[in-house]
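The following explanation leads the reader through one structure, from its metal site to its bound ligand and then to one of its helices. Please keep the sequence and the coordinates at hand while reading.

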Amino acid sequence: MLQLKQRFRFSSDPNIIVAQYGALKRQVPLLYFLLVVNASAVAYTHRAFAPAYLTLGFMVVMFAICMWRAMAWIYAKDAHEIGVREIHRQLVRTTVLAGVLGVVFLVWSLTLEQYGGPNERGHVALFIAATVIGCIFCLVHLPQAAMAVVLVVTVPYLIYYVLRGDPVYTAIAFNIALVTGTMIQVLLNSFATFTDMIRSKSELITKQSEAERLGAENARLAQTDVLTGLPNRRYFFSQFEEALQTAKAAHRQIAVGVFDLDRFKPINDTYGHVMGDRLLCEVGRRLASTVNRGTIVARLGGDEFGLLFTTDIETAHARGQFLCDLLSEPFVIEGQTVMLGCSAGMAIYPEAGETVHELFDRSDYALYHVKTDSRGGCTLFSLEHETRIRSERAVETALQRADLERELHVRYQPIVCTQTGKVFALEALGRWTSPTIGSVPPDRFITIAERLGLIHAITLTLFRKALTEFATLPDTLGLSFNLSAHDIASPETLDRLIEVIEQSRVDPKRLTFELTETALMRDFDAAVRGICMLRALGTRLALDDFGTGYSSLGYLRRLPLDKVKVDRSFIKDMDELSGRNILFGILGLCQTLELDCIIEGVESESQLRSLVAMGYRQAQGYFFSEPLPIHEIEAAFEASPQPSFAALAHVSRMRAA
Ligand code: C2E
Ligand code: CA
Ligand code: CA
């Protein structure tokens, strides 16, 4: 009994209920069709024997009811429109109705059985058997209803014939009971398979949608910058490609901007990376909060952000400048106020280029120039940049083809003691004379070589040449050599430099390597490691062009330095009190930190006099001598073992004449 009750229970799995409903929608109309046709046939064969209300009358009523139900199923709403609860109710209703109709048809057919001869009676028995079997088939997806039909039809049918004591019909009734019982078992088995299939299908769908969700999440993460939550470089470039195609099709202009924070590195180094990260998040938030829809802001990496929007030239520049100004407003993080700055380079399609690569490179180029020329503003890529690029290309090509050994040479500029006027060291300065484009100033070819990855070969060639030439000069003399940012961060270059020193006959203590602040800042930790390696050998380190970069006191304290070279730009401001105060201040700072202080760019006697009065003891500049070729330096040293700057100035002037 309990088992039977169990069998009549509906599944609680909504997926199964929905699937049952879907199958029944297709099959129940067939069932009514079968019922009406079979019953009509019985009514027809009994028309002459039974009263009309039992044949025609009954059939008209049943036809109407069955058609109404069949139509109701054919036009029933879809599962998602009515919801699981309503479907459940519908299944219960269908089961009850199946039972009720079963009873009605059974009573009707057994009543008809009273009329007619053996053929008609046989027809009734066949009608009941065939219809029950048909019903079971049509109700395969609702076993409760199939079982209800079997219970209300087959069982009373069997009892009826047994009680009537007719052996043939009793045998038929037993046969039918056996067949329908077996069929119910088969139906239950097949329903179990059906529910298993639905369950595994819905599990599969769940797994699939989970996989899709994970896939979408991965795709989103792959396009997002983890720190700021902004789109990342990859997303930026894919959107750039799309936007460019759209702009081309619509004949519209679009702007790409690269925004690079000024002073971020020293702040990051001074306050720590946590603070640096917070600052980057704030910058991202500030940028994202001001842009309108259709503009893309992305973090391209480090302290670099990218912007993409549809615009014309005037608006692009104004927007870029607005954002730079916005990022120059103070940031308050954990109660600390920090001031950044921002420089931006922009390129506009179609003026600056046709491809993503070209446009991005050009905005980067404009950024590079705004960084070096006028920090803190936005610059659009212009015709002037285009001309510069062309000439740079010529230099690039010549440099790539250069025979470094033959085309590079070194000039030496004396560094002089202001007290005695004696030369105590030389600064080696690289020179390149190309057979195709002539002589190119070092700051230009060095930058290009850095970009082309040729700097290591150039540094090593110049250093080897400088040490070979320098070896012939007196032991008391020192030699300064400039290293690029890339050199100090490259362990291979450092190893090779050390090898060159070891192979030369020059005592490492006589050597000083000069590094600019910008070189240190590119990769501070790598630079410190490089400096330590070189110092371990006994060489000294000088901070070059002091005052032009960030001039962070933090660097002076944290780095194992020996000397500071004050940039020649300070000499220009010497006529003013504030300029003199700065020079005085820098000297005081160096003395406090026990660092040698060399002033560069001394061009006149009056400048020298003021500097000496301030206390500067070491100086360099055209006033003493311009950079000279080795044989002229040798000549001066041959004339006097300790030549004074006057002797060199003489050589220098002779050359100029
Ligand atoms: P720097 O290291 O500051 O070198 C001093 C520069 O100032 C030299 O320019 C020198 O000729 C110039 N100079 C010296 N005295 C005076 C003066 O009284 N007035 C003026 N106006 N200028 C003066 P140079 O040789 O053109 O070198 C420019 C820069 O190129 C150097 O600046 C240095 O940063 C870089 N450089 C030169 N040679 C090398 C090298 O071999 N390797 C590397 N990595 N960089 C080099
Ligand atoms: Ca230098
Ligand atoms: Ca310098």
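**The calcium site and its surroundings**

In this predicted model, the calcium ion (ligand 2) has four residues as its protein donors, namely Glu427 (OE), Asn482 (OD1), Glu514 (OE) and Asp544 (OD), at 2.1 to 2.3 Å from the ion. Along the chain, these donors follow the spacing E-x54-N-x31-E-x29-D. A second ion, the calcium ion (ligand 3), lies 4.0 Å from the calcium ion (ligand 2), and Asp544 coordinates both. The pair Glu427 and Asp544 links distant parts of the chain: Glu427 belongs to strand E9 (residues 423-434) and Asp544 to strand E13 (residues 540-546), 117 residues apart.

Are these two donors buried or exposed? Glu427 has a relative accessible area of 3% and is therefore buried, since the cut-off is under 20%. Asp544, with a relative accessible area of 6%, is buried by that criterion too.

Glu427 also leads to the next part of the structure, ligand 1. An oxygen atom of ligand 1 is 3.1 Å from an N or O atom in the side chain of Glu427. Two further glutamates take part in such pairs. The side chain of Glu600 has an N or O atom 3.5 Å from an oxygen atom of ligand 1, while in the case of Glu603 the partner is a nitrogen atom of ligand 1, at a distance of 2.5 Å. The protein covers 86% of the 790 Å² of accessible area that ligand 1 has on its own.

Which residues come nearest to ligand 1? Of the 22 residues around it, they are Gly430, Arg431, Arg568, Glu603 and Tyr622. By class, the shell consists of eight nonpolar, six polar and eight charged residues. Strand E9, helix H15 (442-452) and strand E13 each contribute at least two residues to this shell. The largest share, four residues, comes from E9. Strand E9 thus appears in both settings, as it holds the calcium donor Glu427 and supplies residues to the shell around ligand 1.

The last element considered here is helix H16 (residues 455-470). Its 16 residues should span 22 Å at 1.5 Å a residue, and the end C-alpha atoms are 22 Å apart, so the expected and computed spans agree. The buried residues of H16 are Ile455, Ile458, Thr459, Leu460, Thr461, Leu462, Phe463, Lys465, Ala466, Leu467 and Phe470. In an α-helix there are 3.6 residues a turn, so residues three or four places apart point the same way.

Key:
Residues numbered from 1 in each chain as written. Chains lettered and ligands numbered in written order. Predicted model: local features only at pLDDT ≥ 70, side-chain atom pairs only at ≥ 80, totals over all residues. Heavy atoms only, no water. Donors = N, O, S within 2.8 Å, 3.2 Å for Na, K, Ca; no water. Buried < 20%, exposed > 50% of the residue type's maximum accessible area, 1.4 Å probe, protein only. Near = heavy atom within 4 Å. Polar contact = N/O pair within 3.5 Å; in protein donor to acceptor, adjacent residues only side chain to side chain. Areas by Shrake-Rupley, 256 points an atom, 1.4 Å probe, with all protein chains shown as cover. Nonpolar A, V, L, I, M, F, W, Y, C, P; charged D, E, K, R; others polar. Expected span 1.5 Å × (residues − 1).
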